[in-house]
Amino acid sequence: MEDKKSCTGPLMIALQYNDLFDLDSVSTSINTDALPKGRAFTFIKAVQTVNERLLEKNKTESLLFEVILVAKECSEEIKLKIVESVKHYGLEIGKFFFCKKEELINTLQSNKVKLFLSTDKNDVNEALHSGIPAALLYDQADDHVLNQLKVIFSGDVIGFSEDSFDSLSDFGFSETQIETFKAAKICMKEFAILIGEMRRKFGQENSPLCTCVLTSWGSRNVCASALKTLREWGLDADVAFCLAGAPCNPILAVVKPHILWDGGFHNMRDLSTQS
Amino acid sequence: MSEINQTQVASVVKKEATSEEIDWAAAKAHFENLKSTKPRPPKPKYAVTIAVSSRTLFDMVAERKIFEEEGLEKYVQHQQDHENEPLTPGPALPFVKALMTVNERLRNLYPESEELFDIVLMTNNHAQVGVRLMNSINHYDLSIERFCMTGGQSPIGYLKAYMTNLYLSRDCKKVQEAIEEGIAAAIMFKPDMETQLSETQLRVAFDGDAVLFSDESEIIVKQHGLDTFFAHEKQHENKPLAQGPLKCFLEALGKLQKKFYAKNERLNCPIRTFLVTARSAASSGARVLKTLRSWGLEIDEALFLAGAPKGPLLQKIRPHIFFDDQMFHIEGAKEMGTISAHVPYGIGQKYNKGKLIEPEKQQK
């Protein structure tokens, strides 16, 4: 459908089918109804809104979001149901990948996915360890705003100095974890550059894309450093929160982001994914 | 609730508590590692959190003009272009510095305590403007480590998330919303002339009716006149007045004052509170004092003006902030150099200098 030959687009995001559809509430009997909506539904609607607005500005725009759906270990029945349900809801899914559990990482790598989103933090962690950019798909309430995609970047991951990263070992983070955080910063950069380009096509107001920086632990200088670094990467963040240790769940409950990119910090903090 | 649900809830609560503890511990470790003399911010649930807007902290009159005349894009660009030029102080800056002084004294006496003032910058500015704000905060060496820059959205939804005890802004609508949400809030005004303020003691002055207390008595004055008011107050002398929007803030100040008293520092306490009321001591003062007593609250100085103008007296007191519900008093205080904050609550909003304002002219 869209021209994919441009060097900048599309921005490929991978989702898992069990986030897009809610399989727990499906009855075992075969029926012709579509699968019920899952936790990633509002995300995909918001992504589609961004694409629509981008195409409004430029019909031949190539820097668009492309969502691919990954499904591990499912029966032929379910595979069919997935494809049908996607059609039923009018979702724009670029590709489907049905693979085995062990093949997930390879599938993501070979498709040059710019971001793998999941509500399962173990999957996110595994992907990060393998060098795939991955972030938490934040659990959404049903009545969430559909016409704006909200992305949160961790100010700590972007703004921490080398010293600050290394001092995390005193606090109990392992060497591997610290290396994961540093690697996350590099992954974030690529994604941020593309999002920054997309964001620039809209003005300050009425943008379908909203970017936030959330600094949980760092001082204000860390927050300022994160904002300036993102600017260097071409992304002018819209919103900033600096918490210096204050609880972040109440703030996340107000922001209701779709994507929470914090390099695996959430594994340590055991983030509750219920809104 | 069924047993299963209770366990689920308990486990979610436990998870949240763990994540909160981790965030707190990590931030603490980070600040300690900074090896600077900067104090780290207190734990919000024990602290008295004051949220200030960017226009109360700094003077942004010129920048505001650009926003209003040339629009948002030009405004943000202007702020970015002048990012490394610190902004000049706004009406809340002396108040913030006084809070920092109290914190220093508290940390000396109670090094392990988290019962301190916490200051949050709460603004609906875009994060890009935030860089200039942070540079300005650095310039004045203010202890502000917590921010909320909402990029155009109303910050009111975040006040509770940041556990705000007092919200100061220059925007009437936002302050009204905050008060409706049950958060103490006031609109700050810059005084017409500068006054020398104490650098060792935080001085806070409050009006009584419709600020510390509800507007129940104010209603009687406005609708039935002074004589009825006096009779009513005498009759109900022993019945405590209902609380007003700023009662909780006075309570929070009182709690911190008691920490100094406990260490024998009453004479040298860096917090002093004043009641500046138009009531007269003889006819309607007793009820006020008895109400405060019934709440277990103390006020250091109670000044009954019996209707005399507040400006000259406030000029002598020199508070870092003076809260009043009536614009008439705010104007009077402002003219004589007092930093005033309007509390848009109660029946006083419908009147100007004792006369009922036409409905169309009432503030939104």
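Mentor: Let's start with the rule: a salt bridge here is a side-chain nitrogen of Lys or Arg within 4 Å of a carboxyl oxygen of Asp or Glu. Keep in mind too that we're looking at a predicted model.

Trainee: Okay, how many salt bridges does that rule give between chain A and chain B?

Mentor: The general idea is that side chains of opposite charge can pair when their charged atoms come close. Between chain A and chain B, the count is two salt bridges. One to click on joins Arg220(A) to Glu145(B), with 3.4 Å from N to O.

Trainee: And how many residue pairs are in polar contact across the interface of chain A and chain B?

Mentor: There you get 16 residue pairs, counting those with both residues at pLDDT 80 or more. On chain A's side, the elements that each supply at least two residues are helices H7 (162-171), H9 (220-232), H10 (249-255) and H11 (265-269), plus strand S8 (239-242). H9(A) has the largest share of that side, eight residues. Sorted by class, the residues of chain A that touch chain B come out as 22 nonpolar, eleven polar and nine charged.

Trainee: What is the area buried between chain A and chain B?

Mentor: People often give the size of an interface as the accessible area lost when the parts come together. For this pair of chains, that's about 3900 Å², with carbon and sulfur atoms giving 57%. On chain A, Gln204(A), Arg220(A) and Arg231(A) lose the most area to chain B, and together they make up 20% of what that side buries. Arg220(A) should ring a bell: it's the partner of Glu145(B) in the salt bridge. In residue terms, the contact takes 42 from chain A and 46 from chain B.

Trainee: Now inside chain B. Where do its domains run?

Mentor: The domain assignment puts domain 1 at 48-187 and domain 2 at 202-356 of chain B. Their C-alpha centres lie 26 Å apart. Reading a domain interface works like reading a chain interface, so let's go through the matching numbers. The two domains of chain B bury about 2300 Å² between them, and carbon and sulfur atoms give 76% of that. The contact involves 24 residues of domain 1 and 27 residues of domain 2.

Trainee: How many salt bridges does the rule find across the interface of domain 1 and domain 2 of chain B?

Mentor: Two. Take Glu115(B) and Lys259(B), whose closest N and O atoms are 2.8 Å apart. Polar contacts between these domains come to six residue pairs, both residues at pLDDT 80 or more. On domain 1's side, two or more residues come from each of strand S1 (48-52), helix H5 (93-109), strand S6 (166-169), helix H8 (172-180) and strand S7 (184-189) of chain B. H5(B) gives the most, with eight residues. By class, that side of domain 1 has 20 nonpolar, two polar and two charged residues.

Trainee: Zooming out, how many salt bridges does the structure hold over all chains?

Mentor: 31. Within chain A, for instance, Arg39(A) meets Asp19(A) at 3.9 Å, N to O. That pair links distant parts of the chain, 20 residues apart: Asp19(A) is in helix H1 (17-20), and Arg39(A) is in the loop between H1 and helix H2 (41-57) of chain A.

Trainee: Which elements of chain A have the lowest and the highest mean pLDDT?

Mentor: H11(A) is lowest, at 57, and S8(A) is highest, at 96. Residues 1-7 of chain A fall below 50, and that stretch has seven contacts beyond near neighbours in sequence. Residues 269-275 of chain A also stay under 50, with 26 contacts beyond four places in sequence. Overall, chain A averages 83, with 88% of residues scoring at least 70. Chain B has a mean of 91, and 93% of its residues reach 70 or more. For the model as a whole, ipTM is 0.87 and pTM is 0.90.

Notes: Residues are numbered from 1 along each chain as its sequence is written. Chains are lettered from A and ligands numbered from 1 in the order in which they are written. Side-chain values use heavy atoms; hydrogens and water are left out. Domain bounds come from an automatic or database domain assignment. Contact means heavy atoms within 4.5 Å. Buried area is the accessible area (1.4 Å probe) that two parts lose on being put together, summed over both. A polar contact is a pair of N or O atoms within 3.5 Å; within protein, one must be able to donate a hydrogen and the other to accept it, and residues adjacent in sequence count only if both atoms are side-chain atoms. Helices (H or I, at least four residues) and strands (E, at least two) are DSSP runs, numbered from the N terminus. Ala, Val, Leu, Ile, Met, Phe, Trp, Tyr, Cys and Pro count as nonpolar, Asp, Glu, Lys and Arg as charged, and the others, Gly among them, as polar. pLDDT is the predictor's confidence in each residue, from 0 to 100.
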